[in-house]
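Here are my notes on the model, in numbered points. Have the coordinates open while you read.

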There are 2 protein chains.
Amino acid sequence: MSESLLKHIQRKTELTPLEQEKLLSKIEYRKLKKKELLLEEGSVCDFFCFIEKGCCRMYLINDKGNEQTLQFGIEDWWIMDYMSYSTENPSDFYIQAVENSEVLIIPKNDLEQLLIEIPKLERYFRIVLQKTFAATQMRIKFLFTMSAEERYHHFNNAFPVFVQRVPQYMLASYLDFSAEFMSKIRAGKI
Amino acid sequence: MSESLLKHIQRKTELTPLEQEKLLSKIEYRKLKKKELLLEEGSVCDFFCFIEKGCCRMYLINDKGNEQTLQFGIEDWWIMDYMSYSTENPSDFYIQAVENSEVLIIPKNDLEQLLIEIPKLERYFRIVLQKTFAATQMRIKFLFTMSAEERYHHFNNAFPVFVQRVPQYMLASYLDFSAEFMSKIRAGKI
DNA sequence: TCCATTTCTTGAAGTACTTCAAGTTTTTTA
DNA sequence: TAAAAAACTTGAAGTACTTCAAGAAATGGA
């Protein structure tokens, strides 16, 4: 427990044993059952969340009452509502375990303190965020340039294992089309 | 020149005069004429770019030969292709001055060195990236939940001054609809 | 100040999706 | 291991856009 986060950090920067200990002392380990919520619409996202095992997603419920998935996260990814974290306004989103999962939570107050006490963490998060944003720029490119069917096939090719792990209706909304349309694409009826 | 970047950094972390000097020695100041390109599809984005004055955009040319704007940047924003920067693969994008602009360029090699020599810069970029990503999460929310007309009105309300500065057809593609549809929305014909 | 270029507008026709409703299959739980 | 819940499928009807083509208006450069 917490091994995977330390490893992930160690791949980008080296923490001393003391720094590791300091970090670990602020981390809350949590098991989430499938479908369990880590964040609900209306509450403030006052933490960073690292996924050790399993799969989580961030979603919202739209005007028509349907869920739309904005992000997925699996092992070694961080998942949170950055806007709510930064402004401390209530979140528009839910964060939910898609599978039984194990996550590490760092409360905002602790994290902000840790970043001051362990400047190497700044480097770690800078690198993580830079990669995350790079991936998001590409995602927007795909959303802008590909048809629904193209997005499905592209995602399927790029992350075949991942596609097995999540229900199709969640993937459909992540790719920004309806679950029914996903069915038709898969059946080759398009 | 370069004052605005130092100020921007100083709002988030304090650099010593020596650190400031070190940073400035690696910065290339560039004036861009309206329409001038800073990055072209096919070349590697091997720099970070800070906008001191003016307005730039990142766009691509799609299958049909149309430009689609993925990002805008104005004073005090960074604009680049993070994926190309990180992988050093050729970019899919163009970065272009929308107005006559003044930008600061930090070449990748220099920046990576600076980040090691001046750890406080890690903090600065971590904060910048965190804000940028927060804004992008909201943008995806808007793209997913709002109609074209709603996106237009929302953007207009949120950034009225900015809307004056860019041609409508660029804004239309940024909001992910056609220039013609933008015209119809504005004319109230929808 | 005039010509060229860029940007914006309009309407008509087409299309890539969505929505709805109902039924089927798969998975989970007791 | 049966019942309940969740996930997937199908077809028909609707709609929010796009595309095309042509012209009008605004802007920029010599």
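1. Burial first, since it comes up below: a residue is called buried if 20 or more other C-beta atoms lie within 10 Å of its own, exposed if 12 or fewer, and partly exposed in between, with C-beta atoms placed from the backbone. Helices (H or I, at least four residues) and strands (E, at least two) are DSSP runs, numbered from the N terminus. On that basis, the buried residues of α5(B) are L121(B), E122(B), R123(B), Y124(B), F125(B), R126(B), I127(B), L129(B) and T132(B).

2. Housekeeping. This is a predicted model, so local features need pLDDT of at least 70 and side-chain atom pairs count only at pLDDT 80 or more, while totals for chains, interfaces and linings use all residues. Residues are numbered from 1 along each chain as its sequence is written, and chains are lettered from A and ligands numbered from 1 in the order in which they are written.

3. How are the two protein copies related? Chain B superposes on chain A by a rotation of 180 degrees with 0.0 Å of shift along the axis, at an RMSD of 0.0 Å; the fit is by least squares on the C-alpha atoms of residues with pLDDT of at least 70 in both. The two copies are thus related as by a two-fold rotation axis. Within chain B, R126(B) comes closest to that axis, with its C-alpha at 2.1 Å.

4. Now the interface. Contact here requires C-beta atoms, placed from the backbone, within 7 Å. By that rule, 29 residues of chain B touch 29 residues of chain A. On the chain B side, β5 (67-74), α3 (82-87) and α5 (120-145) each give two or more residues, and the largest share, 18 residues, comes from α5(B). That side divides into 13 nonpolar, eight polar and eight charged residues. For these classes, Ala, Val, Leu, Ile, Met, Phe, Trp, Tyr, Cys and Pro count as nonpolar, Asp, Glu, Lys and Arg as charged, and the others, Gly among them, as polar. The copies meet through the same surface, because 100% of the interface residues of chain B are also interface residues in chain A.

5. Back to α5. The expected span of a helix is 1.5 Å times one less than its number of residues. For the 26 residues of α5(B) that gives 38 Å, and the end C-alpha atoms are 38 Å apart, which agrees. The buried residues of α5(B) pack against α5 (120-145) of chain A, and also against α1 (3-10) and α4 (108-117) of chain B. In chain A, the buried set of α5(A) includes R126(A), T132(A) and Q137(A). What covers the buried residues of α5(A) includes α1 (3-10) and α4 (108-117) of chain A, plus β5, α3 and α5 of chain B.

6. Which residues come nearest to DNA strand C? Of the 17 residues around this strand, they are S147(A), F177(A), F181(A), Q168(B) and A187(B); a residue is near a strand if its C-beta atom, placed from the backbone, lies within 6 Å of it. At least two residues each come from α6 (148-158) and α9 (179-186) of chain A and from α8 (168-174) and α9 (179-186) of chain B. The top contributor is α9(B), with five residues. By class, there are seven nonpolar, four polar and six charged residues.

7. DNA strand D also has 17 residues around it, and S183(A), A187(A), S147(B), F177(B) and F181(B) come nearest. Here α9(A) gives the most, with five residues. The surface near DNA strand D divides into seven nonpolar, four polar and six charged residues.

8. Domains of chain A. The split is domain 1 (3-135) and domain 2 (146-190), with bounds from an automatic or database domain assignment. Their C-alpha centres lie 26 Å apart. The contact takes nine residues from domain 1 and six residues from domain 2. On the domain 1 side, β4 (55-61) and β5 (67-74) of chain A give two or more residues each, and β5(A) gives the most, with five residues.

9. One residue to click on: D92(A), in the loop between α3 (82-87) and β6 (94-97) of chain A. Is D92(A) buried or partly exposed? With 18 C-beta neighbours inside 10 Å, D92(A) counts as partly exposed. Leaving aside neighbours within four places in sequence, D92(A) is in contact with E41(A), L60(A) and K141(B). The C-alpha atoms of D92(A) and E40(A) are 8.0 Å apart, though 52 residues separate the two along the chain.

Notes. Two residues are in contact if their C-beta atoms, placed from the backbone, lie within 7 Å.
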